[in-house]
Amino acid sequence: MSEDAAKPFTDAEIRKFMKACVDLPSYKNGCIGAEDLYQVSQLIEAGFDEMQMKAFGDYVHKYMNGKLSFTHLEEWIRSTHQPGLLADYFAKLSDRDHTGKISKEEFLHIYEFMSIVFPSAAGHSFQHLLKGADTDRSGDVSVDEFAKWFDKISKK
């Protein structure tokens, strides 16, 4: 994200963005395809570059059947200008089985994305990043631990 991120979006702005998403080529049944995520990021001026959005799109394609529901899309849009909310969004997204914990397998799914998007994560091994996130050394990463770790790593 850009250093000069704008203030959080209003509900009216979010409704406007969501309405515009209905016109995207991939829109179908309340979802947009991963291929349109960069276009959405440009529309909302999220401050992500094409490479970052491609990495997010690859994640959506690989682990979310290539579609982002409008519920996820709205959460993502709402969080783009608020680093704490963005960290919470990715923590929830990573907890694919909704247990409140991010298992090693779930962490591995987000690892590829993180190492592409954040220079501070690139070049570090999976084990190194997992150890950094698992602050209580339980073997799993709580959603709270992940959100704090993500917020920290995304600012470097």
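Analyst: Let's start with one idea we'll need. A helix axis is a line fitted to the C-alpha atoms over the stretch in contact, and the angle between two axes runs from 0 to 180 degrees, taken between their N-to-C directions. Keep in mind that this is a predicted model.

User: Okay, let's use that on H3 and H6. At what angle do they pack, and how far apart are their axes?

Analyst: The angle is about 170°, and the axes of H3 and H6 lie 9 Å apart. Angles over 145 degrees count as roughly antiparallel. H3 is therefore roughly antiparallel to H6.

User: Which residues of H3 and H6 meet?

Analyst: From H3 you have Met 51, Gln 52, Ala 55, Phe 56, Tyr 59, Lys 62 and Tyr 63. Facing them from H6 are His 109, Ile 110, Glu 112, Phe 113, Ile 116 and Val 117. Sort the contact of H3 with H6 by class and you get nine nonpolar, two polar and two charged residues.

User: And what about H6 and H8, are they roughly parallel or antiparallel?

Analyst: Read the angle again. The axes of H6 and H8 cross at roughly 10° and come within 13 Å. Under 35 degrees counts as roughly parallel, so H6 and H8 are roughly parallel to each other. On the H6 side, Phe 107, Ile 110 and Met 114 make the contact, while H8 brings Phe 146, Trp 149, Phe 150 and Ile 153. By class, the contact of H6 with H8 has seven nonpolar residues, no polar ones and no charged ones.

User: Why do nonpolar side chains tend to be found together?

Analyst: I can give you the general trend: in soluble globular proteins, nonpolar side chains tend to be buried together. In this model, the largest nonpolar core has 50 residues. The members that touch the most others are Phe 56, Leu 73, Trp 76, Ile 77, Phe 90, Phe 107 and Phe 146. Eight helices, H1 through H8, each supply at least two residues of this core.

User: Let's zoom in on Phe 107. Which residues is it in contact with?

Analyst: Leaving aside neighbours within four places in sequence, Phe 107 is in contact with Ile 102, Phe 126, Leu 129, Leu 130, Ala 133, Val 141, Phe 146 and Trp 149. Now look from the other side, at Leu 129, which sits in helix H7. With the same kind of neighbours set aside, Leu 129 is in contact with Phe 107, Tyr 111, Ala 121, His 124, Trp 149 and Ile 153. Leu 129 counts as buried, at 3% relative accessibility.

User: How do I read a pair of aromatic rings?

Analyst: You describe it by the distance of the centres and the angle of the planes. A search of the whole structure finds 13 aromatic pairs. Take Tyr 59 and Tyr 63: their ring centres are 5.1 Å apart and their planes are at 50°, so the pair is tilted. These two residues are four apart in helix H3, which means they are separated by about one helical turn. Tyr 59 and Tyr 63 are both buried. There's also one aromatic cluster whose members include Phe 56, Trp 76, Phe 107, Phe 146 and Trp 149.

User: Does anything else touch that tyrosine pair? Which residues does His 109 touch, for instance?

Analyst: His 109, in helix H6, touches Tyr 59, Tyr 63 and Arg 96, not counting residues up to four places away in sequence. His 109 is buried, with a relative accessible area of 13%.

User: Loops next. Is Ile 44 buried or exposed?

Analyst: Find Ile 44 in the loop between H2 and H3. Ile 44 has a relative accessible area of 2%, so it is buried. Not counting residues up to four places away, Ile 44 touches Phe 9, Phe 17, Trp 76, Ile 77, Thr 80 and His 81.

User: And which loop holds His 98?

Analyst: His 98 is in the loop between H5 and strand E3. His 98 isn't a glycine, yet it has a positive phi of about 55°. With a relative accessible area of 68%, His 98 is exposed. Arg 137, in the loop between H7 and strand E4, also has a positive phi, near 55°. Arg 137 counts as exposed, at 52% relative accessibility.

Notes. Residues are numbered from 1 along each chain as its sequence is written. This is a predicted model: local features need pLDDT of at least 70, side-chain atom pairs count only at pLDDT 80 or more; totals for chains, interfaces and linings use all residues. Side-chain values use heavy atoms; hydrogens and water are left out. A nonpolar core is a set of buried Ala, Val, Leu, Ile, Met, Phe, Trp, Tyr and Cys residues joined through side-chain atoms within 4.5 Å. Buried means under 20% relative accessible area, exposed over 50%, partly exposed in between (1.4 Å probe, protein chains only). Contact means heavy atoms within 4.5 Å. Angles under 35 degrees count as roughly parallel, over 145 as roughly antiparallel, 65 to 115 as roughly perpendicular and the rest as oblique. Ala, Val, Leu, Ile, Met, Phe, Trp, Tyr, Cys and Pro count as nonpolar, Asp, Glu, Lys and Arg as charged, and the others, Gly among them, as polar. Rings of Phe, Tyr and Trp (its six-membered ring) pair if their centres lie within 6.5 Å; planes under 30 degrees apart count as stacked, over 60 as edge-to-face and the rest as tilted.
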